[in-house]
Amino acid sequence: MCDDCGMDERALLREAYEQALAGYHEGGLPIGAVLADAAGRVVARGRNLRVQTADPTAHAEVVCVRAAGRRRDWTELTLVSTLSPCVMCSGTALLYRIPRVIVGENKNFLGAEDLLAARGVAVRVLQDPDCAALMERFTRERPDLWNEDIGL
């Protein structure tokens, strides 16, 4: 439970992890994301669909923001991702002024957390062992797929 925000961060991360697993089982990259409102309710889900849709911009966080649709409460939302967001995904969070990002793990990939923090976004990294293990397994099994995007 987040002391500052009152959200059950682990439950939200579990929702994102389920998206990551679905992507993995579809033959894609195992990265998932959810957006939660101020009460901690999931308002959108997304997973990396880059392989499934042949869209290089279909990262989990971007897919999740697209799924959220038109909103007026971006500044009250929390973005939860199983993996540290890359520059594109961090930029998406900044564009929509999402004030809080929860990261499942950043050992397999350290994205642009510094960019988020420099712009005032609260970033919390949970170092979740399930998220880390799934990404480790994927990069070991499919280094070619990982390296054609942000893995290198």
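Is Arg45 buried, exposed or partly exposed? With a relative accessibility of 40%, Arg45 counts as partly exposed; the label "buried" is kept for under 20% relative accessible area, "exposed" for over 50%, and "partly exposed" for what lies in between, using a 1.4 Å probe and protein chains only.

Before you click further, note that this is a predicted model, in which local features need pLDDT of at least 70 and side-chain atom pairs count only at pLDDT 80 or more, while totals for chains, interfaces and linings use all residues. Residues are numbered from 1 along each chain as its sequence is written, and side-chain values use heavy atoms, with hydrogens and water left out.

**Stop 1: Arg45 and its partner**

Keep Arg45 selected and add Glu15. Their side chains meet in a salt bridge, 2.9 Å from N to O; the term stands for a side-chain nitrogen of Lys or Arg within 4 Å of a carboxyl oxygen of Asp or Glu. Glu15 belongs to helix H1 and Arg45 to strand S2 (residues 42-47), so this pair ties together parts that are 30 residues apart in sequence. Helices (H or I, at least four residues) and strands (E, at least two) are DSSP runs numbered from the N terminus. Glu15 is partly exposed too, at 31%. The whole structure holds eleven salt bridges, and you will meet two others below.

**Stop 2: helices H1 and H6**

Now select residues 9-25 (H1) and 129-141 (H6). These helices pack at an angle of about 15°, their axes 10 Å apart. Each axis is a line fitted to C-alpha atoms, for helices over the stretch in contact, and angles run from 0 to 180 degrees between N-to-C directions. H1 is therefore roughly parallel to H6, a label for angles under 35 degrees (over 145 is roughly antiparallel, 65 to 115 roughly perpendicular, and the rest oblique). Turn the view and look along the crossing: H1 and H6 cross in a left-handed way, meaning that the near helix is turned anticlockwise from the far one by less than a right angle, whereas clockwise would be right-handed.

To see the packing, show side chains. H1 contributes Leu13, Arg14, Tyr17, Ala20, Leu21 and Tyr24, and H6 contributes Asp130, Cys131, Leu134, Arg137, Phe138 and Glu141; contact means heavy atoms within 4.5 Å. By class, eight of the residues in this contact are nonpolar, none polar and four charged. Here Ala, Val, Leu, Ile, Met, Phe, Trp, Tyr, Cys and Pro count as nonpolar, Asp, Glu, Lys and Arg as charged, and the others, Gly among them, as polar.

Next, pick Asp130 and Arg14. They form a salt bridge with the closest N and O atoms 2.7 Å apart, linking H6 to H1 across 116 residues of chain. Asp130 is partly exposed at 33%, and so is Arg14 at 35%.

Then move along H6 to Glu141 and Arg137, whose closest N and O atoms are 3.0 Å apart in a salt bridge. Both residues lie in H6, four residues apart, about one turn of the helix. Glu141 is partly exposed at 40%, and Arg137 at 39%.

**Stop 3: helix H3 and its surroundings**

Select residues 60-68. Seven of the nine residues of H3 are buried, so the rest of the structure largely encloses this helix. The buried ones are Ala60, Glu61, Val62, Val63, Cys64, Val65 and Ala68. Their cover includes strand S1 (32-36), S2, strand S3 (78-83) and H4. Just after H3, Gly69 takes a positive phi of about 70°.

Now step back to His59, in the loop between helix H2 (50-53) and H3. His59 is buried at 5%. Setting aside residues up to four places away in sequence, His59 touches Asn48, Arg50, Cys86, Met88, Cys89, Asp149 and Ile150.

Which strand holds Ser81? Ser81 sits in strand S3 and is buried, at 0%. Beyond its neighbours within four places in sequence, Ser81 contacts Leu13, Ile31, Gly32, Ala33, Glu61, Ile102, Val103 and Gly104.

**Stop 4: two loops with positive phi**

Most residues other than glycine have a negative phi. Select Arg97, in the loop between helix H4 (87-95) and strand S4 (100-105): its phi is near 55°, a positive value. Arg97 is exposed, at 56%.

Finish at Gln127, in the loop between strand S5 (122-125) and H6. Gln127 has a positive phi of about 50° although it is not a glycine, and it is partly exposed at 32%.
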